[in-house]
Amino acid sequence: MIVPSSGILFLSMKTYPSASQIKVGVVGYGGAFNMGRQHLQQMKDAGMTPVAVAEIDPARLAAAAQDFPGIETYATVAEMLGRSSVDLVTVITPHNTHAALGLQILEAGRHCVLEKPMAITTAECDALIEAARRYDVLVSTYHNRHWDGWILKALEVVRSGALGQIVRVDLRMGSHGKPGSWWRSSRSMSGGILYDWGVHLLEYALQIITAPLTEVSGYAWEGYWAAQPEASFPSDANEDEAQLVVRAKTGQRINLTITTVDVTPKRGFVEIVGTQGTHLIDWNEYETTLALPDGARQITRGRQPKDEGHRFYENIAAHLTVGTPLVITGEWARRPIHILDLAVQSARQGRALPVVHP
Ligand SMILES: NC(=O)c1ccc[n+]([C@@H]2O[C@H](COP(=O)([O-])OP(=O)(O)OC[C@H]3O[C@@H](n4cnc5c(N)ncnc54)[C@H](O)[C@@H]3O)[C@@H](O)[C@H]2O)c1
């Protein structure tokens with residue numbers, strides 16, 4: 001039993017004798033990337049038992065019933081929490097719904113995994129972390145890309161010391177093109193253009209630049225696509241392009257740009273610049289360029305290693321059975337959201353904002 005300074009009593013978290021006794025479910029079984037099926041399959045592969053799906057779209061609920069015969073199906077999360085004995089629920093819905101659905105699940109005493117981004121604001125993340133503590137359950141975020149071959153290879157190169165001291169990490173995604181008509185293009189539903197891929201990219205960068213962060217500057221350009229006659233969300237569109245710069249105490253920095261208005265995007269989407277070399281992640285290929293003492297360059301190119309995203313749910317199952325430390329804690333998932341939240345506010349206010357360490 002843990003007695004924190006607040007005086008509230010917490011029971012130590014219940015562990016399960018085996019992974020198969022952890023009953024799991026999902027909220028949201030969308031068709032865009034069939035993520036509900038991917039989650040339930042990975043949970044099953046990690047030894048846990050899929051039992052329930054909640055989805056507001058009847059056609060997608062029917063798809064879940066077909067993929068997992070015999071699974072309980074619910075039209076709302078409230079109905080699922082009231083009637084199902086599900087132990088762990090993963091939320092796979094548009095970004096603006098994560099915080100409220102997550103709180104509902106945690107307050108029902110169930111473990112909760114949220115798809116990335118954990119939520120849209122820092123305050124929402126703090127409320128989720130606090131609820132998990134209060135109800136003595138787990139909160140995590142599905143940062144499956146923590147185990148992408150792209151970043152596993154980059155970390156191997158960085159940790160070998162070959163690049164020298166790391167000066168900056170440049171993260172960029174996008175080119176010139178009209179945003180789609182899906183919820184991802186709505187600012188109120190997505191959180192803004194930086195939130196979808198940006199959260200994955202920041203989660204990479206935070207593994208490379210580990211020094212304390214001090215401030216975030218955000219920049220935004222908007223109105224170009226929203227003014228086009230066939231714009232999907234004319235008054236609620238994402239920015240056309242947004243950028244952020246994070247300053248670390250060491251002088252290192254992280255630059256992130258996501259764009260829909262760049263006709264000539266640069267090659268590769270993650271570039272790690274060190275005092276002695278640069279490592280470029282160019283989708284399934286990497287390129288490491290080192291400065292040799294004689295002024296020449298040594299370039300190594302190769303295929304990226306395989307993704308190991310399945311390790312996310314293996315870690316969740318190991319945590320809930322034998323107490324293996326959680327890799328993606330609520331506190332870790334909060335870090336990129338705090339940066340994104342500050343960047344949005346900074347762009348509006350036109351000045352850098354300080355990072356608040358919890
Ligand atoms: N980790 C990854 O690699 C990865 C890949 C794709 C998507 N995602 C994330 O997954 C989440 C969902 O994205 P998507 O592409 O699957 O979207 P989607 O539109 O295909 O699916 C969302 C589903 O949620 C349902 N839904 C919405 N509100 C609901 C509610 N209150 N209760 C129950 N169901 C509800 C919708 O009916 C829809 O079927 C997002 O957070 C996205 O960023 C992550």
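Q: A residue is near a molecule if one of its heavy atoms lies within 4 Å of it. Which residues around the ligand come nearest?
A: In this predicted model, the shell around the ligand holds 25 residues, and those that come nearest are Glu 55, His 95, Lys 116, Trp 183 and Arg 184.

Q: What makes the pair between Trp 183 and the ligand a polar contact?
A: The cut-off for a pair of N or O atoms is 3.5 Å. An N or O atom in the side chain of Trp 183 is 2.9 Å from an oxygen atom of the ligand, so the pair counts as a polar contact.

Q: How do you know that His 98 and Ala 32 also make polar contacts with the ligand?
A: The test is again within 3.5 Å. A polar side-chain atom of His 98 lies 3.2 Å from a ligand oxygen. For Ala 32 the atom is a polar one of the backbone, 3.0 Å from an oxygen of the ligand. Both pairs therefore pass.

Q: How much of the ligand's accessible area does the protein cover?
A: On its own the ligand has 850 Å² of accessible area, and the protein covers 86% of that.

Q: Which parts of the protein supply the shell around the ligand?
A: Domain 1 (19–142 + 311–326) and domain 2 (146–306) each give at least three residues. Among helices, α4 (98–107) and α8 (196–208) each supply at least two.

Q: How does the shell around the ligand divide by class?
A: The shell has 11 nonpolar, 8 polar and 6 charged residues. Trp counts as nonpolar, so Trp 183 belongs to the nonpolar class even though its side chain has an N or O atom 2.9 Å from a ligand oxygen.

Q: Why are β1 and β2 called paired strands?
A: Pairing requires at least two bridges. Strand β1 (residues 23–27) and strand β2 (residues 49–54) are joined by 5 bridges, so they pair, and they run parallel. Val 27 stands opposite Ala 54 in β2.

Q: What makes β3 and β6 edge strands in the sheet of 6 strands?
A: The sheet is open and parallel, in the order β3-β2-β1-β4-β5-β6. β3 (72–74) and β6 (139–142) each pair on one side only. From one strand to the next, the twist averages 25 degrees.

Q: Why is the pairing in the sheet of 9 strands called mixed?
A: The order of this open sheet is β14-β13-β12-β11-β7-β10-β9-β8-β15. Strand β7 (residues 166–174) is antiparallel to strand β11 (residues 270–274) over 5 bridges. With strand β10 (residues 253–259), β7 pairs in the parallel sense over 7 bridges. Both counts meet the requirement of at least two bridges, so both senses of pairing are present in the sheet. Asp 170 stands opposite Glu 271 in β11 and opposite Asn 255 in β10.

Q: What bounds the sheet of 9 strands?
A: Its edge strands are β14 (297–303) and β15 (353–354). β14 runs antiparallel to strand β13 (residues 285–291), with 7 bridges between them; one bridge pairs Thr 288 with Thr 300.

Q: What is the form of the peptide bond from Lys 116 to Pro 117, cis or trans?
A: The bond is cis, with omega near -10 degrees. Most peptide bonds are trans. Pro 117 is found in the loop between β5 (111–115) and α5 (122–134).

Q: What is the sign of phi at Asp 136, positive or negative?
A: Phi is near 55 degrees, a positive value. Most residues other than glycine have a negative phi. Asp 136 is in the loop between α5 and β6.

Notes:
Residues numbered from 1 in each chain as written. Predicted model: local features only at pLDDT ≥ 70, side-chain atom pairs only at ≥ 80, totals over all residues. Heavy atoms only, no water. Polar contact = N/O pair within 3.5 Å; in protein donor to acceptor, adjacent residues only side chain to side chain. Areas by Shrake-Rupley, 256 points an atom, 1.4 Å probe, with all protein chains shown as cover. Helix = DSSP H or I, 4+ residues; strand = E, 2+ residues; numbered from the N terminus. Domains from an automatic or database assignment. Axes fitted to C-alpha atoms, helices over the stretch in contact; angles between N-to-C directions.
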